[in-house]
Amino acid sequence: MPRRLELKPAELRRVCPPARFSFEDTAELPSLDRVIGQERAVQAIEFGLTVRGEGYHVFVSGPEGTGRHTIVRDLVQRFARTRPAPDDWCLVHNFEDEFRPHAVALPAGRGPAFAKTIHRLVEDLQREIPAAFEAEDHRKRIEALKARHAARRQAVFQKIERRAAEWELRIDSENREFPIVPLLEGRPLSPEEIPGLPEETRAEIDGRVRRMQAEMEKAGRLLEASNRRLRAGIERLMNQAVSQLLRRRLAPLRRQYAGRKAVLDHLAALQADIVENFHRFVPAERKEEDAEEPSAAGRTPLLPYRVNVLVHRPALRGAPVVYEGHPTYVNLFGRIEKRLSAAGPSADFTRVLAGSLLRANGGYLIVEIEPLLAAPGAWEALKRALLERKADIEDPSEDSSPAVTPLRPAPIPLEVKVILLGTYETFAFLQNFDPRFNKIFRVRADFDEEVERTAETEQLYARFIARVCREEKLLPFDRRAAAAVVEFGQKLAEHQHKLSLRFGVLLGVLQEADHWARAQRARRVSDRHVFRAFREHRFRYSLYEQKVLESFRDGVIRIEVSGERVGQINGLAVYQIGEYAFGRPVRITAEAFLGKAGVINIEREVELSGRTHDKGVLILSGFLGGRFARSHPLNLSISLTFEQHYSEVDGDSASAAELFAILSCLAGVPLRQGIAVTGSVDQKGEIQAIGGVNQKIEGFFDVCRDKGLDGGQGVILPAANVRHLMLRRDVVEAVRRKRFHVWAIRTVEEGIELLTGVRAGRADRRGRYPAGSLFAEIERRLKRFAERGRRFAAGEGGEEA
């Protein structure tokens, strides 16, 4: 009994009865709180988030719109809540090398408080240091020191005066040119009188003056040494006062951060620097209101005592989760801002800003891989940071001139889990061509775009609708609307037994259906609003589709949907414009003639054929040789082309139609033009599944309806594609009314018999086809071609015997 080839209406679309749902509308349902159909991906992500060891970062791959972002964020945030909040990080001045600021870790949330405490300390010191110097105890010590200095000074002066009296000299402190005045019998001698004195007297006076000058020089050295001792003593007392003040003021901080060595080291360095540079806090040497005024180089005197809070965790519960949607180098690693001044651009540790990598330190960083690869330097820097487990903040545009010393903050230890989001193709590229990628991202989580349609997944779909309605403030969907969305999920998956997981597309349908329901002032969304959303969406995107349909209607592109033709058939193609796809028929013709070229693919000859299409055409040669050239060669040429098609042809979904056109040409038997064909064929004559089957059938149906349905038109498709059918309701209705037909075939023989009405024929054990069969006629004609070819080769001419 021959197999039934024509499909019934129920096989063309799997419906979802509204009775499957017990609710009146989705407001009665709890929101979806679990992941639908991504068990493999979820398990991989959970493994990557919990496994210890280096290199177990996660790469999440899958098509857009499958909920990758939402699912990954939900999973990561759930894990993050179970982990402790990581430290805050601050940048502080390096008092030994100002171009290498130190990084200091503080307990979570304490960074701003620490910075504020230090800031208040510095403000207080501007009052307390001068006050300490004015304290009575300090002043007494200073006065005692000065008194000792004055006594030493007085003793030196008295000694000078005694020497002068002994040597009959007088010291005139007001006469800087001749401070030593000789005396003669108690009377001072003027410079004019000395030359008139006897030579012996002048020599004696000159000797006394030289001895006095030597004594005065010695006294000067003693006074200078005393002055140095005074200054050193005063500074020592001031240092002691400041040091004592700082020990008292910093004691609470030292107790508070007793377990933080880096903090204690910074406090010690800060104390030492303030003690050494206490003059910055003394109004006598610097006006108090100028404490924060920048210098010519753009620096402020008290800037070294600031604290730059790079990362802090205000009220954070658990580890941080950071999503970086624009992963440039600066956004990932931070930047160093420049300060412009009269001396030119400069930077200091207070101008350093952290990037998302540091903000995620101690937690999780989610990054889109495609923009990351496009950002100069970002991908290589991220890999280096993850391998070395430290984060550097550098300015990638830093001037390399030796006259400019770049700021290089100390690297910060990195403890972060990175989750990359990308496509299958990007993952494969990195895995094959980036040797360090596999060492770092050892966990791959693949997101599927479909799930088995079961009673459970149908209910989960309804709960997904309920969740979207609550989150997006949409009207509730009634059970008929929910059933329509389930059917749309099947059509989107192109499978009767699967539902699409492309929730981004589903979200758009729900929002548009809500719009049309509100436009009609409905209180809930029904199936008619969902169907209108489908129609309106198609109308908005179908301008080019309508133009193509007009070209068929006007005869600009020739297409025949009735009658019969030898060597001509309607194949089916899919046009993709963004996310919108539609089908259209393509007229395929074949011509056979004497020669040895075999099947000539005209598209290939003019470089309009893709590799997959070339392969499909070569398979046709294998089929023809296997069926009809076992006893004699195929001495013929067959030209094959897509008529009025001027763009590249690729894919093998038209190979069955091409073969039918060739068989018709070889047998001289016409093909029904009202039947279009889609499907690929192998060398054994088996018909294989193809993609876009719904769009192809619907596209041919639209052309036939436009030209007039006559009840004999339809489409032949591979039997393996029946499960993929989710045809439009108008197409199914036309099939139900016998105005259109859909046939499913498994072999070339089934297809050619439908197209010609002639029995194909099955070869017997000796390879001969039954008389009157289509294949027998082809074999007869091919033998005649071979004989004529032999005669031409022998020079006997091509006349028939």
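Which side chains meet in a salt bridge with 3.2 Å from N to O? To find out, select Glu46 and Arg78, the two residues that form this bridge. The model on display is a predicted one.

**First stop: Glu46 and Arg78**

Glu46 belongs to helix α2, whereas Arg78 belongs to helix α3 (residues 68-80); the two are 32 residues apart, and the pair links distant parts of the chain. Glu46 has a relative accessibility of 27% and therefore counts as partly exposed. Arg78 is likewise classed as partly exposed, at 39% relative accessible area. In general, side chains of opposite charge can pair when their charged atoms come close.

**Second stop: Glu24 and Arg479**

Next, select Glu24 together with Arg479, which are joined by a salt bridge whose closest N and O atoms are 3.1 Å apart. Glu24 sits in the loop between α1 (9-12) and α2 (39-50), and Arg479 sits in helix α15 (residues 479-493), so this pair ties together parts that are 455 residues apart in sequence. Glu24 is partly exposed, its relative accessibility being 43%. For Arg479 the relative accessible area is 25%, and this residue also counts as partly exposed.

**Third stop: a pair inside helix α6**

Move on to helix α6 (residues 199-256) and select Glu224 and Arg228, which lie 4 residues apart, about one turn of the helix. Why can such a spacing bring two residues to point the same way? An α-helix has 3.6 residues a turn, so residues three or four places apart point the same way. Glu224 and Arg228 form a salt bridge, with 4.0 Å between the closest N and O atoms. Glu224 is partly exposed at 36% relative accessible area, and Arg228 is partly exposed at 46% relative accessibility.

**Fourth stop: a salt-bridge network**

For a larger selection, take Lys491, Arg538, Glu545, Glu698, Asp702, Arg705, Arg728 and Asp730, which salt bridges link into a network. The count of salt bridges in the model comes to 51.

**Fifth stop: Ser609 and helix α20**

Now select Ser609, in the loop between α19 (602-605) and α20 (611-628). Is Ser609 buried or exposed? Its relative accessibility is 14%, below the 20% limit, and Ser609 therefore counts as buried. Display the side chains around this residue: that of Ser609 makes a polar contact with the side chain of His613 at 2.8 Å, and another with the side chain of Asp614 at 2.5 Å. Beyond its neighbours within four places in sequence, Ser609 is in contact with Asn601, Glu603, Arg604, Asp614, Glu648 and Val649.

Both polar partners, His613 and Asp614, are among the buried residues of α20. Others to highlight in this helix include Val617, Leu620, Phe623, Leu624 and Phe628, which are buried as well. Helix α20 has 18 residues and reaches 26 Å from its first C-alpha to its last, close to the 26 Å expected at 1.5 Å a residue.

**Last stop: the cysteines**

Finally, select Cys16. How many disulfides does the model contain? The count comes to 0. Cys16 is in no disulfide, and the nearest cysteine sulfur, that of Cys469, is 16 Å away. A disulfide requires sulfur atoms within 2.5 Å. Cys16 has 3% relative accessibility and so counts as buried. Cys665 can be selected alongside; at 15% relative accessibility, Cys665 also counts as buried.

Conventions:
Residues numbered from 1 in each chain as written. Predicted model: local features only at pLDDT ≥ 70, side-chain atom pairs only at ≥ 80, totals over all residues. Heavy atoms only, no water. Buried < 20%, exposed > 50% of the residue type's maximum accessible area, 1.4 Å probe, protein only. Polar contact = N/O pair within 3.5 Å; in protein donor to acceptor, adjacent residues only side chain to side chain. Contact = heavy atoms within 4.5 Å. Expected span 1.5 Å × (residues − 1).
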